[in-house]
Amino acid sequence: MLATAACSPSAPDTADSAARTEWTMDFTSVASVGDSITRGFHACGVLSDCPEVSWATGSDPRLRSLAQRLLKQPVTEENAGNFAKTGASMADLPGQIEAAMAQRPDLVTVLMGANDACQDSAEEMTPVDEFRADFGYALRTVRRASPETRVYVSSIPDLQRLWTEGREDPMARQIWQLGVCPSMLKDPDAMDQASVDRRKAVTARVSAYNEVLRDVCRKDKLCRYDGGAVFDVRFTRSLLSTWDYFHPGKSGQERLAEIAYGKITER
């Protein structure tokens, strides 16, 4: 977490909101921040990022990314920068936002928080107040740089539904045991009370994180939360990478792009 006592965990002050633009569709540039999902990790090959198929700023013509749907020009690093980092948690978001805002994008997409829940144990998950403080600071960083940049915030996927969908698959169970999101996915067959309670604790924390994203975002005039749309997605095998049965594959990335485009262009 950022050790900055002067930073309130609330969203940016809205005193200047009258001077900001309304939510419009005139996007000429997009920047994405987040974690391995936005980097396209495991979407093209094992243990590697594949940002060209990122749901947010991917350039692969075989996958219609959000940037490809929104921008009139071909997607390049100049008009669709990907500042996400594999392994990042909410504490890393302010730094990513600062780097992204150097390009003054019209839109910033945020998908962050799975790693805050996917710790070695449920006890090690990021506390909710720290999560709130870092997200609030990141959003204020956007506003200090640009009062007109629009922000789209995705909910965190439902990790317990992922376990429910994949636990019957022998290959998924075997791969998860290698250390994929252990707070939720370790010992996938275990149904003892401690394991049930562990999964419930992770689900409760993800829900609390999503409430933070919603509450902080709605205080900013030019921030849109997806309303839990990504949390509600059933990430079945067809949407997941077969390298780890956790990260979205190419079809999963395209599904995320569809959701984002629908929310961003909503009237």
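**Sheet, flanking helices and nonpolar core of the predicted model**

Across the protein, the predicted model has an average pLDDT of 92, and 92% of the residues score at least 70. Residues 1–20 stand apart from this picture in that pLDDT stays under 50 over them; the model has 35 contacts beyond four places in sequence for this segment. According to the UniProt record, an unreviewed entry, the annotation "domain: SGNH hydrolase-type esterase" covers residues 33–254. In the model, that span is 38% helix and 8% strand, and its end C-alpha atoms lie 17 Å apart.

The strands form an open sheet of five members, arranged in the order β2-β1-β3-β4-β5 with parallel pairing. Strands β2 (80–82) and β5 (223–225) occupy the edges, each pairing on one side only. From one strand to the next, the twist averages 15 degrees. Within the sheet, strand β1 (residues 30–34) runs parallel to strand β3 (residues 107–111), and five bridges join the two. In this pairing, Val33 is placed opposite Val110 of β3.

Two helices may be described in relation to the sheet. Helix α4 (residues 128–145) lies across β3, β4 (150–153) and β5, and runs at about 155 degrees to β4. Helix α8 (residues 193–217) also packs on the sheet, where β4 and β5 are touched by the helix. The direction of α8 makes about 150 degrees with that of β5.

The largest nonpolar core comprises 74 residues. Those with the most contacts inside this core are Trp55, Leu93, Leu107, Val110, Val153, Leu159 and Ile264. Helix α8 supplies the largest share of the core, namely seven residues. Val110, the residue opposite Val33, is thus named again among the residues with the most core contacts. For Leu159, the contacts outside its neighbours within four places in sequence are with Ala117, Cys118, Cys181, Met184, Val202, Val206 and Phe246.

A further position examined was Val53, which is located in the loop between β1 and α1 (66–70). Val53 has a relative accessible area of 1% and is therefore buried. When residues up to four places away in sequence are not counted, Val53 touches Ala43, Cys44, Gly58, Asp60, Leu63, Lys250 and Gln253. Met184, one of the residues in contact with Leu159, is separated from Val53 by 131 residues in sequence and by 26 Å in space, C-alpha to C-alpha.

Technical notes:
Residues are numbered from 1 along each chain as its sequence is written. This is a predicted model: local features need pLDDT of at least 70, side-chain atom pairs count only at pLDDT 80 or more; totals for chains, interfaces and linings use all residues. Side-chain values use heavy atoms; hydrogens and water are left out. Two strands pair if DSSP finds at least two bridges between them. Helices (H or I, at least four residues) and strands (E, at least two) are DSSP runs, numbered from the N terminus. Axes are lines fitted to C-alpha atoms, for helices over the stretch in contact, and angles run from 0 to 180 degrees between N-to-C directions. Contact means heavy atoms within 4.5 Å. UniProt positions are given in the numbering used here, feature names are shortened, and annotations may be inferred rather than shown by experiment. pLDDT is the predictor's confidence in each residue, from 0 to 100. A nonpolar core is a set of buried Ala, Val, Leu, Ile, Met, Phe, Trp, Tyr and Cys residues joined through side-chain atoms within 4.5 Å. Buried means under 20% relative accessible area, exposed over 50%, partly exposed in between (1.4 Å probe, protein chains only).
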